[in-house]
Amino acid sequence: MDVLKLFKETGALLEGHFVLSSGLHSGEYLQCALLLQHPEHAERLCRELAKKFLNKKIDIVIAPALGGVLVSYELARALGVRSLFTERKDGKMQLRRNFKIEKGANVLVCEDVVTTGSSTREVIDIVKANGANVAGVACIIDRSGKENLFKDIMLYSLAKADIKTYTDKQCPLCKSGLSITKPGSKQA
Ligand SMILES: [Zn+2]
């Protein structure tokens with residue numbers, strides 16, 4: 001499956017000149033929601049991703065809202081288990097809505113795109129704090145550029161994207177005079 005091609009076809013891989021939330025500049029930008037707006041693509045991608053976990057006895061899939069929710073839901077459908085999400089309240093990631101992670105449950109944490117992995121790490125901490133096991137992390141795109149971002153926890157992705165970023169001083173797109181846009185998403 002050519003995942004990046006599917007991103008391009010659905011307009012989810014934008015090309016231009018972007019300033020990311022980190023302040024860095026980039027010529028490419030992933031807007032996963034534009035791919036996942038198509039249920040048939042979301043279902044197919046997550047069914048493929050779920051194959052890596054079919055014999056791992058997963059009990060629950062969980063993701064940080066909003067970006068990971070659709071991935072969690074489709075992975076859970078493919079694995080025949082529950083889909084939960086965490087959300088930020090007053091800046092702190094929390095499990096709300098009376099969602100329950102049972103002690104000893106085998107939990108798959110997921111995301112649409114993993115960059116720094118900071119939200120994912122907060123979800124991992126919530127799973128562990130509930131006395132459950134983290135079976136792994138699954139994502140559509142790994143753009144962390146790292147071998148094992150979560151150390152002892154395996155990160156599985158459908159594709160790795162090497163998206164170059166620049167400081168404003170080094171940015172070749174700034175030098176070429178291309179106007180810059182700031183896309184709205186935490187993935188920036
Ligand atoms: Zn620039």
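Trainee: Which residues of H3 are buried?

Mentor: Ala 42, Leu 45, Cys 46, Leu 49 and Ala 50. Buried here is defined as 20 or more other C-beta atoms within 10 Å of a residue's own, exposed as 12 or fewer, and partly exposed as in between, with C-beta atoms placed from the backbone. The buried residues cover an arc of only 135° around the axis, which puts them on the same side of H3. That arc is taken over the directions from the helix axis to the C-beta atoms.

Trainee: Before I go on, what kind of model is this?

Mentor: It is a predicted model, in which local features need pLDDT of at least 70, side-chain atom pairs count only at pLDDT 80 or more, and totals for chains, interfaces and linings use all residues. Residues are numbered from 1 along each chain as its sequence is written.

Trainee: And what do the buried residues of H3 pack against?

Mentor: Helix H1 (3-9), helix H2 (32-36), H4, E7 and E8. Contact means that the C-beta atoms of two residues, placed from the backbone, lie within 7 Å. The helix and strand labels are DSSP runs numbered from the N terminus, with at least four residues for helices (H or I) and at least two for strands (E).

Trainee: How far apart are the end C-alpha atoms of H3?

Mentor: They are 16 Å apart, which agrees with the 16 Å that the 12 residues of H3 (residues 39-50) should span. The expected span is 1.5 Å times one less than the number of residues.

Trainee: Now the sheets. What is the strand order in the one with 6 strands?

Mentor: The order is E5-E4-E3-E6-E7-E8, in an open sheet with mixed pairing. Strand E5 (92-94) and strand E8 (155-160) each have a single partner strand, so one side of each is left without a neighbour in the sheet. Neighbouring strands are turned by 20° against each other on average, direction ignored. Two strands count as paired if DSSP finds at least two bridges between them.

Trainee: How do E3 and E6 run, parallel or antiparallel?

Mentor: Strand E3 (residues 60-64) and strand E6 (residues 106-114) run parallel, joined by 3 bridges. Ile 62 stands opposite Val 109 in E6.

Trainee: Which helix lies across E3?

Mentor: Helix H4 (residues 69-79), which also lies across strand E4 (82-89), E6 and strand E7 (133-142). H4 runs at about 170° to E3. Axes are lines fitted to C-alpha atoms, for helices over the stretch in contact, and angles run from 0 to 180 degrees between N-to-C directions.

Trainee: What about the loop between E3 and H4?

Mentor: Leu 66 is found there. A cis peptide bond joins Ala 65 and Leu 66, with omega about -10°.

Trainee: How many residues are in the largest nonpolar core?

Mentor: It has 49 residues, and those with the most contacts inside it include Ile 62, Leu 75 and Cys 110. H4 gives the largest share, 8 residues. A nonpolar core is a set of buried Ala, Val, Leu, Ile, Met, Phe, Trp, Tyr and Cys residues joined through C-beta atoms within 7 Å.

Trainee: What does Cys 110 touch?

Mentor: Not counting residues up to four places away in sequence, its contacts include Val 61, Val 71, Leu 75 and Cys 139.

Trainee: Last one: is Asp 90 buried or exposed?

Mentor: Asp 90 counts as exposed, with 5 C-beta neighbours inside 10 Å. It lies in the loop between E4 and E5, and its phi is near 55°, a positive value in a residue other than glycine.
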